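Student: Could you take me through one part of this model closely, starting from a single side chain and working outwards to the elements around it? I would like one connected account, with the criteria stated as you go.

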Amino acid sequence: MTKILFMIPNLSHSGAEKVLVNLVNNMDRNKFDITVQTLFAGGVNEQFLKKDIKCKYCYKKHLKATAKFCSCFLRRRFIKST
């Protein structure tokens, strides 16, 4: 079984979050051990994840300034590594 970790800032109501939820819900869980890691707990789309998909978070409380900083940091890190 292959382990897969998906990292996203949060599972809010935006399009990328909904696409991620649809993707992980439709992956074969007999082949993949799926974990969704977010920076902040909660979010509208978290309720749509199937029960057997692990969902973890780094911070329980969502701080607006911290979210913007982390989001920019993740994008910058990704751009530098490619």
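Tutor: Asparagine 25 is a good place to start, since this residue is buried, with a relative accessible area of 9%, where buried means under 20%, exposed over 50% and partly exposed in between (1.4 Å probe, protein chains only). The model is a predicted one, in which local features need pLDDT of at least 70 and side-chain atom pairs count only at pLDDT 80 or more, while totals for chains, interfaces and linings use all residues. Residues are numbered from 1 along each chain as its sequence is written, and side-chain values use heavy atoms, with hydrogens and water left out.

Asparagine 25 belongs to helix 1, and that helix covers residues 15–25 (helices, H or I of at least four residues, and strands, E of at least two, are DSSP runs numbered from the N terminus). Its side chain reaches the backbone nitrogen of lysine 50 at 3.0 Å. Setting aside residues up to four places away in sequence, asparagine 25 touches Phe48, Leu49, Lys50 and Ile53, a contact being heavy atoms within 4.5 Å. The C-alpha atoms of asparagine 25 and leucine 49 are separated by 6.4 Å, although the two residues are 24 apart along the chain.

Leucine 49 and Ile53, both touched by asparagine 25, also belong to the largest nonpolar core, whose 11 residues include Leu11, Leu20, Val21 and Val24 as well (such a core is a set of buried Ala, Val, Leu, Ile, Met, Phe, Trp, Tyr and Cys residues joined through side-chain atoms within 4.5 Å). Strand 1, helix 1 and strand 2 are the elements that give two or more residues to this core, and helix 1 gives the most, with 3 residues. Leucine 11, one of the core residues, has Leu20, Val21, Val36, Leu49 and Cys55 among its contacts beyond four places in sequence.

The three elements named above are also linked by topology, for strand 1, helix 1 and strand 2 make a right-handed β-α-β unit. Strand 1 (residues 2–8) and strand 2 (residues 32–40) pair in the parallel sense over 7 bridges, pairing requiring that DSSP finds at least two bridges between the strands. Within this pairing, leucine 5 stands opposite threonine 35 of strand 2.

The wider sheet is open, has 3 strands in the order 1-2-3, and shows parallel pairing. Strand 1 and strand 3 (54–59) stand at the edges with a single partner strand each, so one side of each has no neighbour in the sheet. From one strand to the next the twist averages 25°. Helix 1 packs on this sheet, touching strand 1 and strand 2, and its direction makes about 165° with that of strand 1 (axes are lines fitted to C-alpha atoms, for helices over the stretch in contact, and angles run from 0 to 180 degrees between N-to-C directions).

On edge strand 3 lies tyrosine 57, which counts as partly exposed because its relative accessibility is 41%. Beyond four places in sequence, tyrosine 57 touches Gln37, Thr38, Leu39, Phe40 and Ala41.

Serine 12, finally, is found in the loop between strand 1 and helix 1; this serine is buried, with a relative accessible area of 19%, and among the residues it touches are Glu17 and Asn45.

Notes
A crossover is right-handed if, with the strands pointing away from the viewer, the path from the first strand over the helix to the second runs clockwise. A polar contact is a pair of N or O atoms within 3.5 Å; within protein, one must be able to donate a hydrogen and the other to accept it, and residues adjacent in sequence count only if both atoms are side-chain atoms.
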